[in-house]
Amino acid sequence: MQMSEAVDPAEIAKFERLASEWWDPNGAQAPLHAMQPVRLDYIRAQLVAEFGLDPRRRRALEGLRIVDIGCGGGLATEPMARMGAQAVGLDLSPGAISAAQTHAAAGGLAIDYRCASAAELAAELEDSQRFDVALALEVVEHAADPAALMREAASLLRPGGMLMVTTLNRTAKSFIAAIAVGEYAMRWLEPGTHEWRKFLPPDALAEAMRAAAVEPVDRIGFIYDPVGRRWSASETDLSINYAMVGVKRTDNTALGA
Ligand SMILES: C[S@@+](CC[C@H](N)C(=O)[O-])C[C@H]1O[C@@H](n2cnc3c(N)ncnc32)[C@H](O)[C@@H]1O
């Protein structure tokens, strides 16, 4: 078995305990369900622009091979498949993979779900099988080592492939919003879901991407309006939730390599 430096078994155990709730919009993963529209709009727009796809097509992602690292129950993997991509979902929680497989089968979606780390899949891929796109959505803040996760994600990509990350910034605001309010006051998430010290500022994420031979090309904030109960994208406010996308360098050189 290929060892992964990115994996924190205690984090995987947390998600394993909640595996039956992946598709309940009011359950343990309610914040991810609420964030879905804004993050999917952003992912779709970035992919359409990067790969010159037709945004008017319902199956706009047809022709792309996408791997969703830390896919959980497949909340983002499924929309990728519905938009026409050939999708692979990876997670180390057997319960999450089982929930993802059951849900995809019920919806008639052919998604290749595997209980494996990015490092394990990378070890078995030929160069010609590497992916056009790797997603790591809300996973960095649960990884043992974000830089290792970026390296493993990059190793799944073909040169010119796109890495898309969503995660949490390490600021006073993110402590208050994601932990004090989200977990302890409102109980949107189980208390203990997040450790603030594992949150990553955007510049540190960009550095980890560059060190993995991925050049960051865009970043955006996702902000929550508790009154209107809506998420929206912000070009300027990356203080709590944010997304960053990068493109794998074609010469395959990592910084310091
Ligand atoms: C907050 S959930 C996000 C799920 C999904 N990406 C989404 O946004 O809907 C984090 C998931 O990442 C998985 N995970 C954490 N660390 C991982 C790693 N190093 N490799 C693969 N999966 C990991 C967990 O088991 C969990 O299912």
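Strand β2 is mostly covered, with five of its six residues buried. The model is a predicted one, and β2 is a handy place to enter it. This strand spans residues 86–91. Strand β1, residues 65–69, pairs with β2 in the parallel sense. Five bridges hold that pairing. One of the bridge partners is easy to find: V67 is matched in β2 by V88.

Now step back to the whole sheet. Eight strands make up an open sheet. Read across, the order is β3-β2-β1-β4-β5-β8-β6-β7. The pairing is mixed. Strands β3 and β7 stand at the edges with a single partner strand each, so one side of each has no neighbour in the sheet. From one strand to the next, the twist averages 20°. Side chains in a regular strand alternate between the two faces of the sheet.

Next, move to β4 and β5. Strand β4 covers residues 131–137, and β5 covers residues 157–168. The two run parallel, joined by six bridges. V133 has M162 as its bridge partner in β5. Strand β5 is mostly covered too: nine of its twelve residues are buried.

One residue in β4 deserves a stop. F131 lies in this strand. Is F131 buried or exposed? F131 counts as buried, because 26 C-beta neighbours lie inside 10 Å, and 20 or more is the mark for a buried residue. Which residues does F131 touch, leaving out those up to four places away in sequence? Three of them are R65, I66 and V67. The others are L156, L157, R158 and G161. R65, I66 and V67 fall within β1, which spans residues 65–69. F131 can also be placed against L163, 32 residues apart from it along the chain. The C-alpha atoms of F131 and L163 are separated by 9.9 Å.

Follow the sheet to its β7 edge. Strand β6 runs over residues 214–225, and β7 over residues 230–234. They pair in the antiparallel sense over five bridges. D225 has R230 as its bridge partner in β7. F222 has A233. Together β6 and β7 form a hairpin, with four residues between them.

Two residues around β6 have a backbone angle worth a look. R229 sits in the loop between β6 and β7. Its phi is positive, about 50°, although R229 is not a glycine. R229 is exposed, because 8 other C-beta atoms lie within 10 Å. A213 is found in the loop between α8, residues 202–211, and β6. A213 is not a glycine either, yet its phi is positive at about 70°. This residue is buried, because 23 other C-beta atoms lie within 10 Å. So one of these residues is exposed, whereas the other is buried.

Return to the β3 edge, where a helix packs. Helix α4 takes in residues 94–106, 13 residues in total. From its first C-alpha to its last, α4 reaches 18 Å. That is close to the 18 Å expected at 1.5 Å a residue. The helix lies across β2 and β3, and runs at about 165° to β3. Which residues of α4 are buried? They are G95, A96, I97, A99, A100 and A104. An α-helix has 3.6 residues a turn, so residues three or four places apart point the same way. The cover over the buried residues of α4 includes β2 and β3, the latter at residues 112–115. Helices α1 and α3 also contribute, with α3 at residues 77–82. Just after α4, G108 takes a positive phi of about 70°.

Last comes the ligand. How many residues are around the ligand? There are 24, and F15, G70, G72, L75 and L137 come nearest. Helix α1, residues 9–17, and strand β2 are the elements that give two or more residues to this shell. The largest share, three residues, comes from α1. By kind, the shell divides into 16 nonpolar, five polar and three charged residues. The tour thus ends with β2 again, now as a contributor to the shell around the ligand.

Note on methods:
Residues are numbered from 1 along each chain as its sequence is written. This is a predicted model: local features need pLDDT of at least 70, side-chain atom pairs count only at pLDDT 80 or more; totals for chains, interfaces and linings use all residues. A residue is near a molecule or strand if its C-beta atom, placed from the backbone, lies within 6 Å of it. Ala, Val, Leu, Ile, Met, Phe, Trp, Tyr, Cys and Pro count as nonpolar, Asp, Glu, Lys and Arg as charged, and the others, Gly among them, as polar. The expected span of a helix is 1.5 Å times one less than its number of residues. Two residues are in contact if their C-beta atoms, placed from the backbone, lie within 7 Å. Two strands pair if DSSP finds at least two bridges between them. Axes are lines fitted to C-alpha atoms, for helices over the stretch in contact, and angles run from 0 to 180 degrees between N-to-C directions.
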